[in-house]
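Please open the model in your viewer and keep the sequence panel beside it. The tour below goes from one selection to the next.

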Amino acid sequence: MTRIGFAYNQKPELPALRLEDGAEDARPDEEPPSSSEPEWASAPAGGVAAASVDDEFAEWDSAETINAVEHALSALGEVLRLEANADFPERLRATQPDIVYNIAEGMGGVNREAHVPAICEFYGIPYSGSDPFSLSLCLDKARTKEYLAYHGVPTAPFALIRNAAEIPAMLDRLTTRRTKSGSTRLRLPLFVKPVHEGSSKGITEDNYCRTVAEAQTQTAFLLERYAQPVLVEEYLPGREFTCAVMGNGDGAHVLPIVGMNFEALPPGALPVYGFEAKWLWDDPSHPLEIFECPARIDEALRSRIEEVVLSAYQVLGCRDWSRIDVRLDAAGVPNVVEVNPLPGILPRPEDNSCFPKAARAAGLSYDELIQRSLRFAAERQGVALSGKAARRVRRAAALG
Ligand SMILES: Nc1ncnc2c1ncn2[C@@H]1O[C@H](COP(=O)(O)OP(=O)(O)O)[C@@H](O)[C@H]1O
Ligand SMILES: [Mg+2]
């Protein structure tokens, strides 16, 4: 029987997301903005929503997700739970699994997602997903964009602000046609975000900046609140998609594309998939009908998006699976927004998790999706899987 070590970080049960100012709900029953005037057009920059919600554990997985993944893996071998906390290295070493299935987001630091894979490499234990370098790279949205830009993969022009003292330099960049480094100026409006976060942490409507003054205020706020550099990008005004990619090398392929239907957001909301849309306005009891999968797009756009997404996947060294966010620029060109080599995989359809949604549209159940991702990792590293589903999964692979 194959011994599958399962590495994860589990969200504290209570409260996963709590309001700092006295509310008791773990998942606040927030009223969406109802004003007919665009809220984001009149709201002062300053991050009210981000400041009032503690999103510290937003990236970690719930007990429900962990149980669902464990259930799926158990068809391919014996699953050994290895919570990725402080004594993970000792437990991994003592357990010596044949392969580690990794969904651990990490405990902290800018290389947090790389820790589990790096420890596996240290002990010579095969593991699923991207390597430590790619995981760290993709968690740094600015370096990711440098890679993409170097390889000619479209991504919005940007600048990185490391500390408050650098904010005036951004002004310079905005007003000067050419900077010393030779890059072209950024055009308003801008979108600013923390450079190392995921799961919509630090992404609110206030991050949309129509003026340099707004960008200055919000950049200063994000620097202070998230204690990390802030990425300042040109705002991509077009449609948004997210693409689930699976496989390796020439076999990498895009599952049915998920399109964002921003009409589903409360009236006047900014058309972005930020913290409000992901965690406040979307509730399993009232799912936000924001996704359409497959996205209703013509063949030409679909193949252009797939081409951009697969180039990003290869350039960044992604393995087994990843989810890649894309938005169209003013000219309709798909631009890569960010790459998630550890995609969100909430099991219940009501949870609106995009990778499982794309898998369902491709005819794959949740279990099959998880098993398939492990199979790609096992094949790559010559690890044999056992169990009933292993044979079925192998047969499906043979059929393509
Ligand atoms: N340059 C941009 N232009 C327009 N919208 C953006 C831009 N960058 C991010 N967004 C919006 O913010 C959302 C979250 O940003 P993203 O970088 O994907 O963060 P996360 O890691 O939290 O998913 C995106 O899905 C998109 O709607
Ligand atoms: Mg994203």
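What follows is a series of stops, each with something to select and a note on what is there.

**The whole protein**

Begin with everything shown as a cartoon, and keep in mind that this is a predicted model. The protein has 14 helices and 15 strands. Of its 400 residues, 47% are buried. Take the contacts between residues at least 6 apart in sequence: 73% of them join residues at least 24 apart.

**Strand E1**

Select residues 3-8, which form strand E1. Is this strand mostly covered or mostly open? It is mostly covered, with 5 of its 6 residues buried. Now add residues 78-83, strand E4, which runs parallel to E1 and is joined to it by 6 bridges. Within this pair, Ala7 has Leu82 as its bridge partner. Add residues 99-102 as well: this is strand E5, and it pairs with E1 in the parallel sense over 4 bridges. Here Ile4 of the pairing stands opposite Ile99 in E5.

**Cys120**

Keep E5 on screen and select Cys120, which lies in helix H5 (residues 115-123). Cys120 has 24 other C-beta atoms within 10 Å, so it counts as buried. Leaving out neighbours within four places in sequence, Cys120 is in contact with Val100, Ile125 and Tyr127. Draw a distance from Cys120 to Val100: the two are 20 residues apart in sequence, and their C-alpha atoms are 7.7 Å apart.

**The open sheet**

Which strands form the next sheet, and in what order? There are 4 strands in this open sheet, in the order E6-E9-E7-E8, with antiparallel pairing. Its edge strands are E6 and E8 (208-209), each of which pairs on one side only. Zoom in on E6 and E9, which run antiparallel and are joined by 4 bridges. In this pair, Ile161 stands opposite Val230 in E9.

**Helix H7**

Select residues 141-150, helix H7, and colour its buried residues: Lys141, Thr144, Lys145, Tyr147 and Leu148. Turn the view to look down the axis of H7; the buried residues fall within an arc of 160 degrees, so they line one face of the helix. What do the buried residues of H7 pack against? Their partners are helix H6 (132-139), strand E6 (158-161), strand E9 (230-234), helix H11 (299-315) and strand E15. Just after H7, find Gly152, which takes a positive phi of about 75 degrees.

**The largest nonpolar core**

The largest nonpolar core has 105 residues. Those with the most contacts inside this core are Phe6, Leu73, Val232, Cys243, Val245, Val309 and Ala312. Helix H13 (residues 366-381) gives the most to this core, with 7 residues. Then centre on Val245. Not counting residues up to four places away in sequence, Val245 touches a group that includes Ala252, Val254, Val309, Leu310 and Trp321.

**Ligand 1**

For the last stop, select ligand 1 and the 20 residues around it. Which of these residues come nearest to the ligand? They are Phe191, Glu233, Leu236, Val272 and Tyr273. The shell divides into 8 nonpolar, 4 polar and 8 charged residues. Strands E7 (190-194), E14 (321-328) and E15 (334-340) each supply at least two residues of this shell.

Terms used: Residues are numbered from 1 along each chain as its sequence is written. Chains are lettered from A and ligands numbered from 1 in the order in which they are written. This is a predicted model: local features need pLDDT of at least 70, side-chain atom pairs count only at pLDDT 80 or more; totals for chains, interfaces and linings use all residues. A residue is buried if 20 or more other C-beta atoms lie within 10 Å of its own, exposed if 12 or fewer, and partly exposed in between; C-beta atoms are placed from the backbone. Two strands pair if DSSP finds at least two bridges between them. A residue is near a molecule or strand if its C-beta atom, placed from the backbone, lies within 6 Å of it. Ala, Val, Leu, Ile, Met, Phe, Trp, Tyr, Cys and Pro count as nonpolar, Asp, Glu, Lys and Arg as charged, and the others, Gly among them, as polar. Two residues are in contact if their C-beta atoms, placed from the backbone, lie within 7 Å. A nonpolar core is a set of buried Ala, Val, Leu, Ile, Met, Phe, Trp, Tyr and Cys residues joined through C-beta atoms within 7 Å. The arc is that of the directions from the helix axis to the C-beta atoms.
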